[in-house]
Amino acid sequence: MAAKKKDKDKDKDDAPKKSSGMMGLVSKLLAVFAILLAAVFFASMYDVGQMGLHHTIKGFAVAIVPVFALLSIAALFLSPKPSAEGSADAAEIAALQEFRSKATSQILALQNRLDSFSGQDLDSLKARNEELEAQLDAIHQAEREKVDGEIEALRQRNIELEEQIKKWAFEAVDKSVKGEAVEPMEAA
C-alpha cells in the first residue's frame, strides 16, 4: 500500500517535469523562429548579398514584424519558471560546499599532524646524515693520505732505481771502454 502511494507521488512529481520540459522546448522553438524572422527582416532591410530581399518581402513586412514581436513575447512568457527543484539543487550545492570545506580543513589538519611527526624524524635523520658525512669525509681523508704516502714511497723508490741504473750504466761504459766484460744488471 505504501509502495503504491510512493509510486503515485512519484508520478505526480514527474508530471510537472514533463510539462515544464515541454514548455521549455516550445519557448526555445519560438525564440529560434523569432531570431530567424529578425535575421530575414534585417537581411532584407540592409540588402545583404544584394539578393533583392527588400523588394521580395516588402509586402510581407507588415506580417513579419508583428509575428516577430508575438514570437519574442511568447518565448519570454512561455519560458519555464524556476521550480522547487532549483532551491533543492541550491541546498545540495550548499551542503556539498560545506562538506568540501570540512573535508579540506580535516585534510589540512591531518597533513599538519603528519608534518609534525615527520619533523622530529627529519631532524634526527639530518643529524645522522651529517654524522655519516663527517665519518665519510674522515675515511676519504685517510685514504687520500695513505695513497699520497704510497705515491711518495714509490717516487723515492723510483729515484733509487734511477740512481742504480745510472751507476750501472757508468760502470758498464767504463768496463766496456777498458775491454772488460759487462755484467748484466740485476733487477732490484
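This is a guided tour of the structure, stop by stop, for use with a viewer.

**Whole chain**

Start with everything displayed. The model is predicted. Its protein has 188 residues, and 7% of them are buried. Colour by secondary structure. You will find 4 helices and 0 strands. Read from the N terminus, the order of elements is α-α-α-α.

Switch on the surface. About 16,000 Å² is exposed, and carbon and sulfur atoms account for 64% of that area. Now turn to contacts. Take those between residues at least 6 apart in sequence: 57% of them link residues at least 24 apart.

**Confidence**

Colour by pLDDT. The average for the protein is 78, and 76% of the residues reach at least 70. Which helix has the lowest confidence, and which the highest? H1 is lowest, with a mean of 66, and H4 is highest, at 86. Then select residues 8-18. Their pLDDT is below 50. Beyond near neighbours in sequence, this stretch makes 1 contact in the model. Keep that colouring in mind at the next stop.

**Helix H1: the nonpolar patch**

Select residues 2-45, which are helix H1. Show the side chains of Met22, Leu25, Val26, Leu29, Val32, Phe33 and Leu36. These residues form a nonpolar patch on the surface. Together they offer about 640 Å² of accessible area.

Centre on phenylalanine 33, a member of the patch. This residue lies in helix H1. Is phenylalanine 33 buried, exposed or partly exposed? Phenylalanine 33 counts as partly exposed because its relative accessibility is 47%, between the 20% and 50% cut-offs.

**Helix H1: serine 27**

Stay in H1 and select serine 27, which lies in this helix. Serine 27 has a relative accessible area of 7%, so it is buried. What does serine 27 touch, leaving out residues up to four places away in sequence? The answer is Ala75, Leu78 and Ser79. Display those three residues as sticks to see the contacts around serine 27.

**Helix H3: isoleucine 64**

Move to residues 61-77, helix H3, and pick isoleucine 64. Isoleucine 64 is buried, because its relative accessible area is 11%, under the 20% cut-off. Add its contacts. Setting aside residues up to four places away in sequence, isoleucine 64 touches Leu37, Phe41 and Ile57.

Now draw a distance from isoleucine 64 to phenylalanine 41, C-alpha to C-alpha. The viewer should give 7.3 Å. Along the chain, these two residues are 23 apart.

**Helix H4: salt bridges**

The structure contains 5 salt bridges. Three stops follow, each on one pair. Select residues 84-178, helix H4.

*Lysine 102 and glutamate 98.* Their side chains meet in a salt bridge, at 3.4 Å from N to O. Both residues are in H4, 4 residues apart, about one turn of the helix. How exposed is each partner? Lysine 102 is partly exposed, at 46% relative accessibility. Glutamate 98 is also partly exposed, with a relative accessible area of 45%.

*Arginine 157 and glutamate 160.* Follow H4 onward to this pair. The side chains form a salt bridge, at 3.5 Å from N to O. The two residues sit in helix H4, 3 residues apart, which is about one turn of the helix. Arginine 157 counts as partly exposed at 34% relative accessibility. Glutamate 160 is partly exposed as well, with a relative accessible area of 42%.

*Lysine 178 and aspartate 174.* Finish here. The side chains meet in a salt bridge, with N to O at 3.6 Å. Why are lysine 178 and aspartate 174 separated by about one helical turn? Because they are 4 residues apart in helix H4. Then compare the accessibility of the partners. Lysine 178 has 58% relative accessibility, so it counts as exposed. Aspartate 174 has a relative accessible area of 40%, so it is partly exposed.

Terms used: Residues numbered from 1 in each chain as written. Predicted model: local features only at pLDDT ≥ 70, side-chain atom pairs only at ≥ 80, totals over all residues. Heavy atoms only, no water. Patch = residues over 30% accessible without salt bridge, like charges linked within 9 Å, V, L, I, M, F, W, Y side chains within 5 Å. Areas by Shrake-Rupley, 256 points an atom, 1.4 Å probe, with all protein chains shown as cover. Salt bridge = Lys/Arg side-chain N within 4 Å of Asp/Glu carboxyl O. Buried < 20%, exposed > 50% of the residue type's maximum accessible area, 1.4 Å probe, protein only. Contact = heavy atoms within 4.5 Å. pLDDT = per-residue confidence, 0-100.
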